[in-house]
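I set out to look up how the strands, helices and chains of this model are put together, and I keep my notes below in the order in which I worked.

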There are 2 protein chains.
Amino acid sequence: MLEKIDLSKRIGKDAYKERIREQSEKLGELQRRCKEAGIPVMIVFEGLGASGKGTQINHLIQALDPRGFDVYANDKSTREERLHPFLWRFWTKLPAQGRIALFDRSWYRQVTMERFDGKIPEAAMPGALRDIQSFERQLTDDGMVIIKLFLYISEKEQKQRFKKLESSKDTSWRVSKDDWRRNKDYSRFISICEEMLEKTDMDYAPWNIIEATDRRYASVKIMTLVTDCLEEALRQREIRGERKEKEIPVRSIQYQNGVLSGVDLTKSLSREDYKKEIGYLQKRLERLHSQIYLRKIPVVLGFEGWDAAGKGGAIKRLTSHLDPRGYKVFPTSAPNDLERVHHYLWRFWNHVPKAGHIAIFDRTWYGRVLVERIEGFCSEEEWKQAYQEINEMEDHMANAGAVVLKFWLHIDKDEQERRFLARQENPQKQWKITEEDWRNREKWDQYEEAVNEMLVRTSTTYAPWIVVEGNCKYYARVKILRTVVDVLEAKIRETKKNP
Amino acid sequence: MLEKIDLSKRIGKDAYKERIREQSEKLGELQRRCKEAGIPVMIVFEGLGASGKGTQINHLIQALDPRGFDVYANDKSTREERLHPFLWRFWTKLPAQGRIALFDRSWYRQVTMERFDGKIPEAAMPGALRDIQSFERQLTDDGMVIIKLFLYISEKEQKQRFKKLESSKDTSWRVSKDDWRRNKDYSRFISICEEMLEKTDMDYAPWNIIEATDRRYASVKIMTLVTDCLEEALRQREIRGERKEKEIPVRSIQYQNGVLSGVDLTKSLSREDYKKEIGYLQKRLERLHSQIYLRKIPVVLGFEGWDAAGKGGAIKRLTSHLDPRGYKVFPTSAPNDLERVHHYLWRFWNHVPKAGHIAIFDRTWYGRVLVERIEGFCSEEEWKQAYQEINEMEDHMANAGAVVLKFWLHIDKDEQERRFLARQENPQKQWKITEEDWRNREKWDQYEEAVNEMLVRTSTTYAPWIVVEGNCKYYARVKILRTVVDVLEAKIRETKKNP
């Protein structure tokens with residue numbers, strides 16, 4: 001994409017002033033309209049060293065209301081960030097609806113500079129590019145506007161700029177050895193950028209090359225591009241808004257006699273056997289916890305299940321012997337204000353465990369295809385899309401070395417009723433039962449279909465579902481603990497072989 | 001406080017089981033009641049190495065609803081944390097109303113382990129202890145319950161535990177060289193702890209020594225202590241709730257003819273002089289920005305002023321030549337859901353700049369003694385307390401090396417009216433004027449008193465107020481820029497002398 005670019009483009013001072021004034025006013029107004037429409041915007045500044053990214057960002061934000069944007073400078077990742085999947089630091093920085101986030105370098109650092117420096121093995125490139133593609137697709141599907149800018153200057157121009165920066169003591173620290181290496185080996189760096197640009201130039205998030213030799217020309221082009229993109233986004237939003245019709249909830253006939261109907265709920269365990277087994281497994285897990293910490297393995301355990309299926313009790317048995325510095329339990333309830341104005345996966349990305357730590361989710365991102373689907377909190381298009389999005393997220397975690405397990409705690413309708421009634425009679429547990437629990441119960445069949453579909457479509461090799469026969473709590477707890485112990489032991493054996 | 005402690009205390013297994021069951025049930029219920037009452041709780045686990053903090057925390061949280069608590073392990077501070085004032089990492093982790101935060105080591109690390117290791121100079125100790133005292137006082141004044149536990153074991157017991165940990169490969173990594181040094185020099189470490197315990201044992205946040213030789217004894221004591229404290233907090237809340245009466249807004253007569261009445265608003269600057277000066281100052285500031293980055297000086301600039309006094313315009317001129325990677329503008333509006341259930345200073349602590357960075361606040365924490373005071377959003381007691389709390393916060397920032405400047409942009413009532421009307425006529429600026437602005441204007445006199453009091457009570461040597469004559473925008477912008485430039489240059493000179 002780069003060889004056709006004419007780097008000699010310039011603009012005169014007067015024309016520049018007029019264009020900037022005109023575009024600035026427009027931009028301020030577009031920002032307000034996007035805020036009203038709840039459109040989130042990401043503007044990505046990538047490109048060559050000393051191509052003027054910082055200056056251009058500062059120029060652009062002068063036209064914006066500071067109440068509505070954030071600038072993120074993405075230097076080398078911190079230790080904390082390197083202990084997470086590489087997209088984690090960007091997921092956690094997503095702009096809320098109506099806000100603008102500007103990125104000075106971005107998730108593309110991975111597939112440009114770090115590739116050039118040899119920090120990312122070549123074998124990891126296709127995976128990283130695929131992760132980036134799905135990241136941007138998920139966000140744009142959710143209404144995000146992504147504007148990607150690549151600031152381009154010639155080898156000679158870059159060399160001159162580095163020299164100028166080095167000539168003053170106020171700015172010399174800005175030029176690093178790595179910068180010079182990329183200038184010396186300019187053509188190799190450019191060819192890496194070329195490949196990145198080609199592979200990530202998608203219709204939903206296209207690249208824009210900015211000829212950055214003349215700063216004024218670049219400023220005008222960037223500002224014009226941004227205003228054009230925002231105008232287009234608002235126009236699209238209007239069209240889609242008009243087309244939106246009342247949706248009809250879909251019944252998934254093919255999932256009516258699915259996985260759950262085959263589960264053997266008579267499985268049980270005596271109190272004695274339970275006591276023996278659970279104690280033994282808890283001690284093994286305690287030792288494994290040290291091992292996964294030392295081997296820096298992140299662990300994600302998701303718990304879903306019918307109300308009163310025993311998720312809380314199972315999680316307690318799982319964690320009772322663990323070091324609290326190494327695990328966290330994240331209970332998921334209805335999203336709060338801030339969560340509601342972000343992508344539905346954002347709040348879970350905020351809790352992705354770092355290497356060596358365990359994150360336990362009491363209810364999970366699968367709410368999208370369960371309660372949100374049934375209650376109509378999202379559209380049919382949205383929950384149908386979610387299967388792929390969730391698989392991609394879990395795949396990304398697994399690629400970063402994580403163990404990902406998901407448990408469905410299954411009980412039958414009679415058992416649930418017994419437990420609801422028992423809770424209502426116990427003063428210590430009354431608070432656990434609400435009107436809503438009884439209402440959800442009435443939608444048992446709809447939920448069952450949704451669970452069946454979820455189990456089929458999101459049980460993967462890298463993040464399997466384990467259906468837990470839960471009518472007998474002892475049996476269920478032991479099965480969960482044993483599964484976790486077995487999987488962690490296998491993972492540790494594997495890392496011993498391929499350290 | 002430690003020499004009187006009997007470390008041989010024990011409890012039998014059966015008595016233990018019964019007490020724990022009883023206290024666990026109680027604790028679960030108290031957690032729910034504290035949640036309803038909106039009481040935030042911090043439980044601090046301090047004490048000797050291998051005294052069982054992790055185990056005790058895990059034991060305690062088994063009785064808690066995971067939807068209501070967080071555990072924070074405070075290992076050595078990260079690079080990011082060291083670039084902030086030392087209390088920053090704890091301010092940002094405050095529990096919201098109704099939530100419980102458990103700290104495995106805490107802000108006391110600074111005045112115990114790091115003091116022992118010689119990482120904190122002795123001269124910094126009194127300041128650090130004072131910062132801790134005011135931190136805890138501010139929080140408890142705001143309704144926080146702080147439960148501080150010091151787990152104590154003997155030199156011999158500690159040695160045995162270290163040896164036992166070292167004997168297994170699963171746990172040997174838990175014992176560090178530093179741990180052994182604290183055991184070898186046990187009496188010196190204990191005397192450091194003694195001093196810390198004595199100086200921070202306050203009526204609003206007392207210490208509890210836990211005899212931790214027998215883990216069961218310690219568990220029972222901790223759980224009983226926590227339930228007692230929560231019960232007491234609920235009782236206090238009820239009493240205070242009953243006593244709360246309608247408050248009568250107070251007029252501060254002594255501030256009626258205060259600082260603002262003496263401000264000379266005729267000061268002005270011609271357009272030509274402005275253009276010359278502003279360009280010169282912006283270039284100087286650009287260079288200084290590099291200097292403060294290299295010297296790791298954090299800079300906090302707060303802007304307050306009448307509506308339409310020109311805060312936004314001044315901030316734009318201040319930032320137009322700065323590198324966006326090194327500064328952030330934080331506009332302050334009404335607090336959101338999450339902010340409302342935290343201490344009012346919490347949201348500003350979240351934006352304290354790290355070393356080498358500039359944080360610009362468009363409206364600030366002074367809202368507490370301005371809008372919140374005038375509109376009755378907080379009680380009289382609360383805003384009167386705020387002067388000291390704010391001074392303490394700014395003092396803490398200054399102690400961490402920060403430059404803290406606060407600007408009051410002053411215009412007179414006629415000038416404000418002219419600007420409101422001009423904005424209403426300009427289609428680009430109409431959105432800036434709301435009904436509320438006109439309503440606030442009616443309370444001009446009350447605001448003037450509040451501003452006068454604020455200027456007197458919170459202009460300090462370490463964080464001065466600068467009143468800016470704002471009827472002429474040119475004059476105001478130049479004055480602000482020149483002040484910032486002068487103060488930064490002086491600071492840099494000072495750090496050159498005392499690096």
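**Sheet, helix pair and interface**

In this predicted model, I began with strand 6 (residues 299-305) of chain B and found that this strand pairs with strand 8 (residues 358-362) of chain B in the parallel sense, over five bridges. For V299(B) I looked up the bridge partner in strand 8 of chain B, and that partner is I358(B).

I then followed the sheet outward: in chain B, five strands form an open sheet in the order 7-8-6-9-10, with parallel pairing. Strand 7 (327-331) and strand 10 (465-469) of chain B are the edge strands, each pairing on one side only, and from one strand to the next I note an average twist of 20°.

Next I turned to helix 12 (residues 311-319) and helix 20 (residues 473-497) of chain B, whose axes come within 10 Å and cross at roughly 45°; helix 12 of chain B is therefore oblique to helix 20 of chain B. I recorded the crossing of these two helices as right-handed. Helix 12 of chain B contributes G313(B), A314(B), R317(B) and L318(B) to the contact, while helix 20 of chain B contributes residues including K473(B), R477(B) and I480(B). Sorted by class, this contact has six nonpolar, one polar and three charged residues.

Last, I checked the two chains against each other, and 36 residues of chain A are in contact with 36 residues of chain B. On the chain A side, the largest share, four residues, comes from helix 2 of chain A, and I count that side by class as 13 nonpolar, 11 polar and 12 charged residues.

Note on methods:
Residues are numbered from 1 along each chain as its sequence is written. Chains are lettered from A and ligands numbered from 1 in the order in which they are written. This is a predicted model: local features need pLDDT of at least 70, side-chain atom pairs count only at pLDDT 80 or more; totals for chains, interfaces and linings use all residues. Two residues are in contact if their C-beta atoms, placed from the backbone, lie within 7 Å. Ala, Val, Leu, Ile, Met, Phe, Trp, Tyr, Cys and Pro count as nonpolar, Asp, Glu, Lys and Arg as charged, and the others, Gly among them, as polar. Two strands pair if DSSP finds at least two bridges between them. Axes are lines fitted to C-alpha atoms, for helices over the stretch in contact, and angles run from 0 to 180 degrees between N-to-C directions. Angles under 35 degrees count as roughly parallel, over 145 as roughly antiparallel, 65 to 115 as roughly perpendicular and the rest as oblique. A crossing is left-handed if the near helix is turned anticlockwise from the far one by less than a right angle, and right-handed if clockwise.
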